[in-house]
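Keep the sequence and the 3D view open while reading. The text goes from one feature to the next.

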Amino acid sequence: MSPNTIHRPSFEREATIPVPEAIDVLREDNVAGMRIERVRASDGFEAHNPERREALQEEMDEWDLQLRRHPEWQMPQQDSETRLPIVDPANKASAWFYATESQQAWGALMPTALALYPLQRPESASLPNGVPIDERSREFFMHSIDAIGIRTRAEIMTGLSLQSAAKQEGKDLKWVSIACGAAVPVLNAVSQIKEEFPDKEPHLKLVDIDPNALAFAKKLAEEHGLEEGRDFTTRRSNIFKELHARDTLVQEIGPGSAQMVDALGIFEYLPDNVASSMLQKMHQLAAPGGSVVIGNMLDDRRQLDFNRRAVGWPKIYPRSLEELTELVTSAGIDINTVTAYIPEDGVYAVISIEKPYPELSGQKALLGNMGQHAVDH
């Protein structure tokens with residue numbers, strides 16, 4: 001084999017989501033009124049090399065501990081021209097992480113959606129910028145806790161979208177993806193919906209501010225056999241202006257018009273007031289009987305210091321379950337319509353909000369009034 005030949009390894013993702021019981025619940029909790037379901041979700045590669053997965057995570061746990069012991073170690077910065085990571089010479093954890101050219105080339109993609117792509121598809125031969133993925137980098141993309149969490153949150157959303165598709169009447173399934181990035185989780189979910197429910201016709205609205213991410217999403221959608229204009233459209237949008245400060249997107253797309261609305265990867269970048277406002281607008285977009293799905297990194301997850309100060313991922317807002325409950329209620333959403341799904345890796349919570357039909361809400365209020373009337377008399 002020529003030394004310049006790129007070898008694309010063969011990996012098989014595990015099929016994990018049955019229908020209609022799409023979420024494998026291990027146990028249920030309740031935090032501040034929000035239903036919590038601890039679930040089993042496959043990241044698709046747990047059986048590939050479990051021994052190496054365990055060893056790599058133990059190494060990263062040790063580096064995370066060292067980072068907490070050395071608060072003086074500074075997180076890497078990006079070069080203003082090349083965007084390659086500049087590592088603090090004292091930060092041994094960061095130097096260990098960025099030891100290869102492949103890993104450094106990945107660091108240049110942060111914090112864009114293109115940096116997530118090799119974590120979503122670690123079997124890829126190269127990064128989206130064309131740099132070949134070496135085997136050491138592939139191990140991080142396949143077995144690190146952050147990479148696992150990226151894939152399990154997507155797996156949970158796929159399960160939720162299957163549940164939503166199963167209960168929707170009619171063939172059309174309108175899905176709006178906010179801050180979609182390269183839309184890998186959405187496209188994977190749509191492919192499974194089309195396979196399980198061939199009578200359904202999903203229509204995607206992919207919304208993001210990054211033209212490179214939207215162009216990549218368009219390419220991937222076409223690889224999935226979707227046709228622009230018929231099956232999907234893209235919309236470049238500054239969601240801070242058009243979904244937080246104003247309701248431009250809501251009015252353009254149509255209030256109450258989407259069976260699925262997701263923002264799987266944006267909420268940990270938003271301060272509370274912006275996140276609450278955007279969630280309220282997303283809820284307005286959802287049709288009665290439809291769902292809103294968001295993700296947020298948890299503040300008690302493993303290797304948070306490693307994520308921030310070894311990898312150097314830009315500022316994020318990890319939240320506790322109590323904080324997520326407050327976020328939902330501050331958006332004016334009934335907590336009884338909300339479930340948080342937490343996979344065993346514990347990196348993200350995936351929040352599903354079911355939008356009730358108006359008549360059901362009215363019946364619930366009527367029954368409540370009747371009950372109070374009975375008490376009074």
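The paragraphs below take up the pocket, a helix, the salt bridges and some points in the backbone.

The model is a predicted one, and local features are described only where pLDDT is at least 70. Start with empty space. Rolling a probe the size of a water molecule over the atoms shows where empty space is left. The largest pocket has a volume of about 840 Å³. Its lining is made up of 47 residues, and those nearest the centre of the pocket are P111, L116, G265, Y269 and W313. Several elements supply two or more residues to this lining: the helices α3 (101-107), α4 (113-120), α5 (135-143), α6 (145-167), α7 (184-196), α9 (239-245) and α12, together with strand β5 (172-178). The largest contribution is that of α4, which gives four residues. Sorted by class, the lining holds 31 nonpolar residues, 10 polar ones and six charged ones.

P111, one of the residues nearest the centre of the largest pocket, is also a place to look at the backbone. P111 sits in the loop between α3 and α4. The peptide bond that leads from M110 into P111 is cis, with an omega near -5 degrees.

Two other loop residues have backbone angles to check. R83, in the loop between β3 (77-78) and β4 (85-86), has a positive phi of about 65 degrees although it is not a glycine. A183 is likewise not a glycine and has a positive phi of about 65 degrees; A183 belongs to the loop between β5 and α7. Are these two residues buried or exposed? R83 counts as partly exposed because its relative accessibility is 35%. A183 has a relative accessibility of 1%, so it counts as buried.

Next, turn to helix α8, which covers residues 211-223. With 13 residues at 1.5 Å a residue, α8 should span 18 Å, and its end C-alpha atoms are indeed 18 Å apart, so the two values agree. Which residues of α8 are buried? They are A213, L214, F216, A217, L220 and A221. Viewed down the helix axis, the buried residues of α8 fall within an arc of 160 degrees, which means that they line one face of the helix. The face turned away from that buried side carries N212 and E223, which are exposed.

The salt bridges come next. The structure holds 25 of them. In one, K205 pairs with E252, and the closest N and O atoms are 3.7 Å apart. What does this pair tie together? K205 is in strand β6 (residues 201-208) and E252 is in helix α10 (residues 248-253), so the bridge ties together parts that are 47 residues apart in sequence. E252 counts as partly exposed because its relative accessibility is 40%.

A salt bridge within a single helix joins R309 to D305, with 3.4 Å between the closest N and O atoms. The two residues are four apart in helix α12 (residues 304-311), and therefore they are separated by about one helical turn. R309, at 15% relative accessibility, falls under the 20% cut-off and so counts as buried. D305, at 22%, lies above that cut-off but not over 50%, so it counts as partly exposed. Elsewhere, salt bridges that share partners join K205, R235, E242 and E252 into one network. Within this network, the side chains of E242 and R235 meet at 3.0 Å, N to O. Both E242 and R235 are buried.

Last, two pairs show residues that are apart in sequence and can be located together in the 3D view. E155 lies in helix α6 and counts as buried because its relative accessibility is 13%. E155 and P185 are 30 residues apart in sequence, and their C-alpha atoms are 7.7 Å apart in space. The other pair begins at A32, in the loop between β1 (24-31) and β2 (34-40). At 56% relative accessibility, A32 is over the 50% cut-off and so counts as exposed. Along the chain, A32 and L324 are 292 residues apart, while 9.6 Å separates their C-alpha atoms.

Methods: Residues are numbered from 1 along each chain as its sequence is written. This is a predicted model: local features need pLDDT of at least 70, side-chain atom pairs count only at pLDDT 80 or more; totals for chains, interfaces and linings use all residues. Side-chain values use heavy atoms; hydrogens and water are left out. A salt bridge is a side-chain nitrogen of Lys or Arg within 4 Å of a carboxyl oxygen of Asp or Glu. Buried means under 20% relative accessible area, exposed over 50%, partly exposed in between (1.4 Å probe, protein chains only). On a 1 Å grid over the protein atoms alone, a cavity is a set of points where a 1.4 Å probe fits but cannot get out, and a pocket is an open set with protein on both sides within 12 Å along at least five of seven lines; lining residues have an atom within 4 Å of a point. Grid points are joined across faces, edges and corners, and a volume is the space filled by probe spheres set on the points. Ala, Val, Leu, Ile, Met, Phe, Trp, Tyr, Cys and Pro count as nonpolar, Asp, Glu, Lys and Arg as charged, and the others, Gly among them, as polar. The expected span of a helix is 1.5 Å times one less than its number of residues. The arc is that of the directions from the helix axis to the C-beta atoms.
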